[in-house]
Structure formats: C-alpha cells, structure tokens
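Could you take me around this structure, one selection at a time? I have the viewer open and would like to know where to click next.

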Amino acid sequence: MGDSNQHPKKPVQEVDAIIEERDESADGGDSLPPIRIEDVLPLDMVIYPLGGRPFFPGMLTPIQVEGSPYYETIRQALESSGKMFGIVLSQAEDGREVFNPDKLYRIGTVTRILEAAISEDARQIKLLAEGISRFEIAEVLQAGPPIIVRVAHHATSHPADTADGLRPYTMAVINALKEILKYDSMYQEQLKLFLSRHNFSEPDRLADFVASITDATRGELQDILETFSIRERMEKVLVLLKKELEMVKLQDKIAKQVEEGISEHQRHFFLREQLKEIQKELGITKDDRTADLDRFRERMEKLTLTEEAQKRIQEELDKLAILEPNSSEYGVTRNYVDWLTMLPWGVYSTDKLEIEPARKVLNDDHDGLDDVKERILEFLAVGKLKGEIGGSIILLVGPPGVGKTSIGRSVARAIGREFYRFSVGGMRDEAEIKGHRRTYVGAMPGKFVQAIRYTKVSNPIIMLDEVDKIGNSYHGDPASALLEVLDPEQNVEFLDHYLDVRFNLSKVLFICTANQMDTIPRPLLDRMEVIRLSGYITEEKLQIAQNHLVPKQLDKNGIKKGGLRFSKEALRVIIEGYAREAGVRRLEQKIGAVSRKVAVKILEGGKLPIYVGRDQVEKYLGKPDFRDEKPMKGVGIVTGLAWTAMGGATLDVEAVKMGNDKNSLTLTGHLGDVMKESARIAYSYLLANAALFKLDSTILNGSIHLHVPEGATPKDGPSAGITMATALFSLASNMIVARRLAMTGEITLTGQVLPVGGIREKMIAARRVGIRELILPDANSKDYEEVPDYIRSGFTVHFVKRYPDVIKIAFDLP
C-alpha cells in the first residue's frame, strides 16, 4: 500500500485509452514518464469470490455464471469502467458462506472481461476473463452480495527484481519444466497456450503460470499469489516444481511397471501361441484334445480292462474326439474318462501272509488284546492256506478307545496292503456309497471307488468306521446300499452309479468298527465275522501307557525323550482315579494334560528330567474323577454286573418296603422296557414261590420300591434279572448277602437262569472294584472259558442253572 500512496490514482480509465493518449503525446514531442499499470486500474471493484484454487495474473479462463448472486456480480462488472472485477479466493468451507467478506483472503487478482454472452431470460452469462495484476483489499465498501471493496494496487516490479538477478531463477524454472515434460506430455498444451501470449523473458508471468499448472494445495498457491517479490515468488515456485517433478517421476515409474507387466504377459501369450503353431507344424506336440486322448490311451495300455470297461472307454474316447474342448460336455466326458482310466483295473498288491512277521507287527503296535490278535492270526492263517484273504468282512466291536481303528491299520501293515479309512457314522445319502449319476452337476463316484483310486490297487484294506451309527433319510438307505458292497456274492460286479461300469471289489478286505451291534441291520451283520474288543484291565492299560501313550504325548508336546518320567504307581493312580473307561482315550488325554503342565514348568526353568510320582498326580490333575467303588451291604441290597457301550459296570440294586398297598412295585433308575420286565418277572416269581422259600408274604404283597443307581444313567437289558430277584429275596427274608460277590443272569417265571452277554467286560468291572466272586449262568461257561487267563486269575465263579442255586450261594443256605 506504500507504493499506491506514492502514485496518486488518476480517474478510472481503460488501459487502452491511456496507452492511446500516451502515444498521441509522444507524437507531439513531449517527454512523458513511463506508464505504470497500477496507475490506471480502478480503486473500487466488485469481487467474484472463488471456492477452489486462486486465479493468477496472466491467466485466461472461461467463466459461466447462472443465478444469484454470481449473475449480479458479473453484471455489475460488465457495467463498470474497463469491465474489470476482482477474483479473490474464499476460505469458506461451506459454499453458502463464499460471499461472506470476512472469509475472503486479502490478496486477489484484477480481472478484465474480454468477451461476454448474456442470456437475460436464463439469467446466465458466459464470459472469457484475463488476469491483469495483484491487488490487496483495503476496505469493504459493500458486504453484498455483490461485494464491493476498495483496493490497493501493488507495483508489478520490485527493487530487488533485476533482470540479471532473475535470469538464473528463470533458467531453473525452464529446466524443471523441461524435465516434467519428459514424463508428462499433459503440460505441453498448457505451455503452448502460455507461449502464445507471453514468453520466458517475463519472469513474473512465468512464475504465476508455473504455479497455476502444479497440483499444489490451495494454501500453497495462495501463498504464491500473496508474494509480490518476483524473486521470492520464483524460489517458492521452484519448490513446487521440485515436488511436481518427483510426483510425475513416480507416476511414470508406476505406469511403466504396469505397462511392462501387461506387455510381458501379452508377449508370453503370443510366444506360446507361436510355439504351439511351430510345434504342430513340426509334429512335436498336439492340441489339448489330442493330448488328452493320447494320455487316456496310454493309461489303457497299462491296465487289464474288462470287456465292458474297454468298450465304454473307447466309446467315450470317440465322443471326446469330436467334441469342442471349450464345450461343457467335453469337460464332463473328460472327467468321466479320467476316472475310468485312473482306476487300477487288474492291479493287485502281493499279500504277506507269514504268521510270525504278522504277530510281531501286532505285538509292536498293541499291548494286550491277546485274544483279538489270535483271531486275526487265525484269519491270516486261513488266507495263507487258501492263497488269498480277499472277500472277507471283519467287524471289530468294542467300547470307544480300545484300538479298533489302530488294529485295522496294523492288519494292513502286517499283510502289506494299502489302507483307506472313512467313517459312515451319520451317513444318510446312498450316493455316498454308490456314487451320483452323471446327470447331476458335480457328480462324483462313491466312497469305495474313491478308495480304490486313492490306493491305486484293486485289493486294499478299506475300513468303515462307526458302522453302527449309519443313518437313513429320504435320500436313500446307505445301510442297504452297503449290502451289495460287502456281500462277496455281489461285490464281484459292484456297479457304481457314476462309473456305470461293473468293478470287482471281491478282493478287497473290509474291516468295520462299531461300539455295539444292536443298531447294525441284521442282513448286514450276517455278512460279517465279529471280533470283540472288550476293553483293558489296569495292568494292560499300564503297559499301553508306558510303551505307547507316554512316548506319544512327550513327542506331541515337544518334551525330549526322558525329559518326563512317570512312575508305575503314578500311572496306576491316573488309570484308577481319572480314566476308568474300557479304552485308553481318556488315559491319553490325562497324560497329555500332565505333559502340557510339565512343558510350562520346563520353560520356567525346571530341571530335567521331571519325575511324576504317585503323590504328584493330584497336583497336576486335581481331585480324582472317580472314587473307590465299595459295594453297598444291607437288607435288600445286592451287587449286579452290567454291560454298556463304554464297557462293563457294577450296579447296586436296592429294594425297600414302603407300605401295605397290595402288590405294588415301583421301579426307578432310568430303566428301559426290557429291564422293567425283568424286575416284574423277578417279583412275580418270588411272589409265586414265597411259601417254597419261606418268605414273608406280607412284604411281597405290600408296596415295594426297587431302585437301580445311578438315576441319570439309562439302563436296559435282561442281565440284571437274578440281581433284582435276589434284592427282593433279601428284603422279604430280612437276610444280607453273605459275602462280597456280584451276579448277572436273566431269570424266567419258572426260575430258569438264562445266559447273558458281555462276560469279559463284566469280569473286568468286578476286578476294578475288588470283587473276586461271581455268580454266572451255567450257559455262559463257554464264554467264561474264552476269557483270557490273566483276567480270570483270582476269581471264584459259580455257574447256576436255576434261581434256587443263586440264593444258596448268595446267602449260604443249605
């Protein structure tokens, strides 16, 4: 504003008129001082506020305004002398505050309207405007809109802005522009437009132009506009140019990387296509369809195909030869032929049927289960004599965790066959067994064909786990579908729905596992050779833990061999206090729990080896899950033996008299229908023979409550018949069972004692609680003889045919 005070303003005139006046004076010979642009610009101007980027002197820009208040602003500018107005950047974030004078920056650009087209009806103006020079708002005359201000014009030159001083800056800006133009041709058009009106000898215009074409922020650009010294302005512009140059270099690098990636991909594509054509011309390679056909024919040469399979594959190959590789039917046919040619037609592994190596494998893999191992060796011996063991179905039945699946793997290792296992538990779709028909999208063969392809031989061992839990639904009955697979008379021509070609499964050895046989369909069960795994006694579990479970858990938990040692007593405490089930799965979990706690101890600085003795078990595992089972004694209390899917168990049957209601028998303990019938049979038998046994008929004729703990555990079966009869006998006779013994057997209304199942499991349960005297049905003597000697050792067993024999033994009667 100091500059404007030194040069008083003349009345507002157009620049062109002033220049013309000066020219006429010059012709008259008068010597006049040079014209300064700031002397001929208006002092009062209407303001056009901008919301984006600032507008610089020397720039040309088209402007279109429509409606208030912009229309009134430009209209007033058009009516002003010289058609000039000011463009100022607004700081307002909200477009509605753009016309607020308080939001305007103080420095703006004097702008002259070069052309204008007005549409009065639409209240629209299109104009071309040119930036003239910088100005500073000195005073707001009208807050508007439109806004009218009084301005102060600044000199276009500065004392420090000499030509020699500015030349290095000009050259630096020009060189930077040249560098940018190498990377981004977008700036060329803008530079051409600038050079059409100016040249590089105008450093102030060059600085403003360069600033306007950069991607600098509005704040940085406004700072350039507010810098009046050309030298300082050039310095700031050079910084912006440096940033712009780095940006365009980075953009160019990214673009080249993308282009190189695309070009490389396209180059490889064209080269591959050319290579294919060259190879085809030279006969080196073939197209995809020919390659598929040759591959399938090569496979066929190595297989011993049946006539049916040979014919079907050839038909499909002929179809494949005329199909388009891109068609959907080609893919379906190709997959079908792929399955047919991947099956091991006529490929068999050689069985190792030597007894001693097989016995060694079974003994290495399993402790205990001697009777099961003998049955398996007998099975192998028969196969040795026959020359083959195909076409057999073995069913391993036993509680969870006794090693059914691992025995199947051991059999496969012993005879040198490939092994494939899958579970049929919960299977409800027949297609899982016999495959889907090829008309369905995503159709696949059944599990058995998949097993044959996976093992690559036609005589693997296939294990069907959880065969007792197979289901059925509206999709079909998988159990019935298994009949064809497992029947040696039918599986020689097994027909999978997907293959639709018969395949010989008669050489496959099937091993099935189940927890119980009750839920296995009878026709399926008839086709199986049953081998029972009854569970382990404490000594067997101890050997298994020492030889298998402890080393396995040490390796699983990252503890070095010998880093954790269990004493025999510690393992015995874990077995009897925490893992009493028939199998060893729970035992393995408990050993794993100790191993994990020891692993923490090792990381905390514990010294190896860490020893776990009897007294440390509770520290690692907490209080025992099981307490010592002590059979109850008293009138009306008798210990029985039961079998469950988890193994054997002992039951204390209790009977009490409640009142004198005639012939009332209450049964509790979550009993099944069969067990309830056994209780009523026992009650009816004693009531009918009360005189014979000299019982108090008033007790039997009264109200009796019979309970079988534990109440939350479901119980069923006839084997507790003599136990419940003896409890009622004890109540009616007021006698206590003479010795610590347990019994099992079914009773009839005539007093016959019938055989029951699960003798081995029941003997193991009795041994677990310390009972060594048993009463068993006479018909079970054969089952007792089959129990291994180490389980029978120490037992006194009484075999009975009729119920009177039971009470003589139980109560020491003559």
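Here is a short tour, from the whole chain down to one pocket.

**Whole chain.** Keep in mind that this is a predicted model. Start by selecting the entire protein chain and turning it along its principal axes: the C-alpha trace spans about 165 × 85 × 65 Å. The radius of gyration is 51 Å, whereas a compact globule of 814 residues would have one near 28 Å.

**Cartoon view.** Switch to cartoon and colour by secondary structure; 29 helices and 24 strands make up the picture. If you draw contacts between residues with a separation of 6 or more, 75% of them join residues 24 or more positions apart.

**Surface view.** Next, turn on the surface. The protein chain exposes about 41000 Å², and carbon and sulfur atoms supply 50% of that area. Colour by burial as well: 46% of the 814 residues count as buried.

**Second largest pocket.** Now zoom in on the second largest pocket, which holds about 560 Å³ of space. Select Gly-401, Val-402, Gly-403, Ser-406 and Val-584 to find its middle, as these are the closest to the pocket centre among its 24 lining residues. Then show α14 (404-415), α19 (538-556) and α21 (585-603), the elements that each give two or more residues to this lining.

**Lining chemistry.** Stay here for a last recolouring, by residue type. What is the mix of nonpolar, polar and charged residues in the lining of the second largest pocket? You will find six nonpolar, nine polar and nine charged residues there.

Conventions:
Residues numbered from 1 in each chain as written. Predicted model: local features only at pLDDT ≥ 70, side-chain atom pairs only at ≥ 80, totals over all residues. Heavy atoms only, no water. 1 Å grid on protein atoms, 1.4 Å probe; cavity = no way out; pocket = protein on both sides within 12 Å on 5 of 7 lines; lining within 4 Å. Points joined across faces, edges and corners; volume = space filled by probe spheres on them. Helix = DSSP H or I, 4+ residues; strand = E, 2+ residues; numbered from the N terminus. Nonpolar A, V, L, I, M, F, W, Y, C, P; charged D, E, K, R; others polar. Rg over C-alpha atoms; globule rule 2.2 N^0.38 Å. Buried < 20%, exposed > 50% of the residue type's maximum accessible area, 1.4 Å probe, protein only. Contact = heavy atoms within 4.5 Å. Areas by Shrake-Rupley, 256 points an atom, 1.4 Å probe, with all protein chains shown as cover.
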